[in-house]
Amino acid sequence: MLDKKNTNIWVISRNLPLLEISKEEEKISQLLGNKQSIQFKQSRGYIRKVLSKLFNLSPLEVPLKATYGKPPELAKDYGYLSLSHCKDIILIGWSKAKIGIDIERKDRNILSKKIPNRFF
């Protein structure tokens, strides 16, 4: 794999147009409801776009594995992805090591005291 920074994070507006995705991803999107289908297409299209620049490949050459009901993965030696989204933003994280990211709107009510019990 190319020598890149250890970690990259991209914030993408969900108001942007859909981008090209693979035929396999298109088939998966057709199994989903309308809202989920759009979210799936947006996330996969923008993952492909940002990683194509990182890896110096065309978007459809990015070795992205899309499996129904599972988080997106990259081929061996291409690093790790993490994806999070909310109403208006998609957050994409890439790292050479396993990574986990999350995004929440600041106007969302979260019971912060429950977070440590859920994850630790």
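Student: Which residues does S22 touch, not counting residues up to four places away in sequence?

Tutor: In this predicted model, S22 touches R48 and L60. A contact requires heavy atoms within 4.5 Å, and R48 and L60 satisfy that criterion with S22. S22 itself is placed in the loop between β1 (7-13) and α1.

Student: How do you know whether S22 is buried or exposed?

Tutor: The relative accessible area of S22 is 18%. Buried means under 20%, so S22 is buried.

Student: What makes K27 buried or exposed?

Tutor: K27 has a relative accessible area of 59%. The threshold for exposed is over 50%; therefore K27 is exposed. K27 belongs to helix α1, residues 23-29. Its C-alpha atom is separated by 9.7 Å from that of Y68, a residue 41 places away along the chain.

Student: How many aromatic pairs does a search of the whole structure find?

Tutor: The search finds two aromatic pairs. In one of them, F55 and Y78 lie 5.0 Å apart centre to centre, with 85° between the planes.

Student: Why is the pair of F55 and Y78 described as stacked, tilted or edge-to-face?

Tutor: Ring centres must lie within 6.5 Å, and planes over 60 degrees apart count as edge-to-face. With 5.0 Å between the centres and 85° between the planes, F55 and Y78 meet both conditions, so the pair is edge-to-face. The pair links distant parts of the chain, with F55 in helix α2 and Y78 in the loop between β3 and β4, 23 residues apart.

Student: What makes F55 buried or exposed, and how is Y78 classed?

Tutor: F55 has a relative accessible area of 4%, which is under the 20% limit, so F55 is buried. Y78 has a value of 27%. Because partly exposed covers the range between 20% and 50%, Y78 is partly exposed.

Student: What makes F55 and W94 an aromatic pair, and of which kind?

Tutor: Their centres are 6.0 Å apart and their planes stand at 80°. These values satisfy the limits of 6.5 Å and 60 degrees, so F55 and W94 form an edge-to-face pair. This pair also links distant parts of the chain: F55 is in helix α2 and W94 in strand β5 (residues 89-95), 39 residues apart. W94 has 0% relative accessibility and therefore counts as buried. F55, Y78 and W94 form one aromatic cluster.

Student: How do you know how the reach of α2 stands against the expected value?

Tutor: α2 has 22 residues, for which 32 Å is expected at 1.5 Å a residue. From first C-alpha to last, α2 reaches 31 Å, close to that expectation. α2 is followed by N56.

Student: What makes the phi of N56 notable?

Tutor: Most residues other than glycine have a negative phi. N56 is not a glycine, yet its phi is positive, about 60°. N56 is in the loop between α2 (34-55) and β2 (64-65). Its relative accessibility of 68% is over 50%, so N56 counts as exposed.

Student: What is the phi of D77, and why is D77 classed as buried or exposed?

Tutor: D77, also not a glycine, has a positive phi of about 75°. D77 lies in the loop between β3 (73-74) and β4 (80-85). At 55% relative accessibility, D77 passes the 50% threshold and therefore counts as exposed.

Notes
Residues numbered from 1 in each chain as written. Predicted model: local features only at pLDDT ≥ 70, side-chain atom pairs only at ≥ 80, totals over all residues. Heavy atoms only, no water. Helix = DSSP H or I, 4+ residues; strand = E, 2+ residues; numbered from the N terminus. Buried < 20%, exposed > 50% of the residue type's maximum accessible area, 1.4 Å probe, protein only. Phe/Tyr/Trp six-rings, centres within 6.5 Å; stacked < 30°, edge-to-face > 60°. Expected span 1.5 Å × (residues − 1).
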